[in-house]
Amino acid sequence: MEKVFNTQFEQSYSCLSSFKIWKPFLKRAILGLVFLLISSIIMIFANTYAAYKLPYGTQLPDVALDIFPEPELCSSDIASPVSISLGVGGLVFAIAIIFLPKGGIVSIRFLILLSVVYFFRSTTVSTTQLINTLDKCDNLNFNSYGDALEWAAEGLFFDTCGDYMFSGHTSLLTSLWITWLSQFLVDYNSKPKFEFGEMDEGTSLISRKKKRNNVWFYLTLLTIVLLFCSLLVGMLFLLMCRFHYTIDIIVGLIITVLTNCTYWWLIPKFKLFQWFENLYTENDE
């Protein structure tokens, strides 16, 4: 077996780059999509179990829920402020991965990060249920888990009740923002050298700093600012619309950021993560 350390990571490419350049990442992207699909299916069953076990009673004390009034826009399922925040954040992210350099690898990291975070969320919502905060969930009373699953299927699994402790909306918006922020810090760090480790024969794991006097620097920075604003607005309306308690949003934010940091920490230590970054392959001689 011959170890090959690729240099494609150093190249500036986006999803609009030639197929020849993007081809090595196709199977990684497909595998990332499979991971996300599996994690999402697990989370669907966890959310349904949370609705089945939903306890009833007086809403738990929460300072933010007491301070923020509930706007009328929150009653709309399609054009709610939370849905708009997710839509804007997703649109900005999609445009960025299509046109900006490093869009390909950022999209793969996003799939991996969200897959892991959704698995964590499935664990929290299925093990601990908090008292409901939404009026639409007050009259739910399921005789069995099958009844709850049928109710969830009628809403195409988008309607959820009782899935607290960990905000999925927050983790999604945070993933959109943190993946681009991480790449930006790697590419444009002010230090002479920004590396998490060295590969064999001194091959740099992370690209060196780049000049800031180019249009990509400002476009990437604008993308990060827009995604961060989308995150802040989304978290605000998650509270105002009574989708979550404050602790749910804090947990979602912290776990997503820490999971992203852990991913970067693991890159120089395990070949699997190097493979996802297209830094390491094995070819038969």
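This section describes the overall fold of a predicted model and the packing of three of its helices, H4, H6 and H8.

The secondary structure of the protein consists of nine helices and two strands. Along the sequence these elements follow the order β-α-α-α-α-α-α-α-α-α-β, with a strand at either end of the pattern. Of the 285 residues in the protein, 46% are buried. Among contacts in the protein with a separation of 6 or more, 81% join residues that lie 24 or more positions apart.

Helix H4 comprises residues 103–127. At 1.5 Å a residue, its 25 residues should span 36 Å, and this agrees with the 36 Å that separates its end C-alpha atoms. The helix is mostly covered, since 18 of its 25 residues are buried. Helix H8, which runs from residue 246 to residue 266, gives a similar agreement between expectation and model: its 21 residues should span 30 Å, and its end C-alpha atoms are 30 Å apart.

Two packed helices are described by the angle between their axes and the distance between the axes. The axes of H4 and H6 come within 9 Å and cross at roughly 145°, and this crossing is right-handed. On the H4 side, the residues that meet H6 include Phe110, Leu113, Leu114, Val117 and Tyr118. Their counterparts in H6 include Ser171, Leu172, Ser175, Leu176 and Ile178. By class, the contact of H4 with H6 has 11 nonpolar, six polar and two charged residues.

Helix H6 (residues 168–187) also packs against H8. The axes of these two helices come within 9 Å and cross at roughly 35°, again in a right-handed crossing. In H6, the contact is formed by Thr170, Ser171, Thr174, Ser175, Ile178, Ser182 and Val186. In H8, it is formed by Ile249, Gly252, Leu253, Thr256, Val257, Asn260 and Trp264. Six nonpolar, eight polar and no charged residues make up the contact of H6 with H8.

The buried residues of H8 are Asp248, Ile249, Val251, Gly252, Thr256, Thr259, Asn260, Tyr263, Trp264 and Leu266. What covers them includes H4, H6, helix H7 (215–240) and helix H9 (271–276). Two of these buried residues, Asp248 and Thr256, are considered in turn.

Thr256 belongs to helix H8. Its relative accessibility is 0%, and because buried means under 20% relative accessible area, Thr256 counts as buried. Not counting residues up to four places away in sequence, Thr256 touches Leu113, Val117, Ser171, Thr174 and Ser175. Of these, Leu113 and Val117 are in H4, and Ser171 and Ser175 are in H6. A polar atom of the Thr256 side chain also lies 2.6 Å from the backbone oxygen of Gly252.

Asp248 is likewise found in helix H8. With a relative accessible area of 0%, Asp248 is therefore buried. Its side chain is joined to that of His244 by a polar contact of 3.0 Å. Leaving aside neighbours within four places in sequence, Asp248 is in contact with Leu130, Tyr164, Met165, Phe166 and Ser167. The C-alpha atoms of Asp248 and Asp163 are separated by 9.4 Å, although the two residues are 85 residues apart along the chain.

Conventions:
Residues numbered from 1 in each chain as written. Predicted model: local features only at pLDDT ≥ 70, side-chain atom pairs only at ≥ 80, totals over all residues. Heavy atoms only, no water. Axes fitted to C-alpha atoms, helices over the stretch in contact; angles between N-to-C directions. Helix = DSSP H or I, 4+ residues; strand = E, 2+ residues; numbered from the N terminus. Left-handed = near helix turned anticlockwise from the far one by under 90°. Contact = heavy atoms within 4.5 Å. Nonpolar A, V, L, I, M, F, W, Y, C, P; charged D, E, K, R; others polar. Expected span 1.5 Å × (residues − 1). Buried < 20%, exposed > 50% of the residue type's maximum accessible area, 1.4 Å probe, protein only. Polar contact = N/O pair within 3.5 Å; in protein donor to acceptor, adjacent residues only side chain to side chain.
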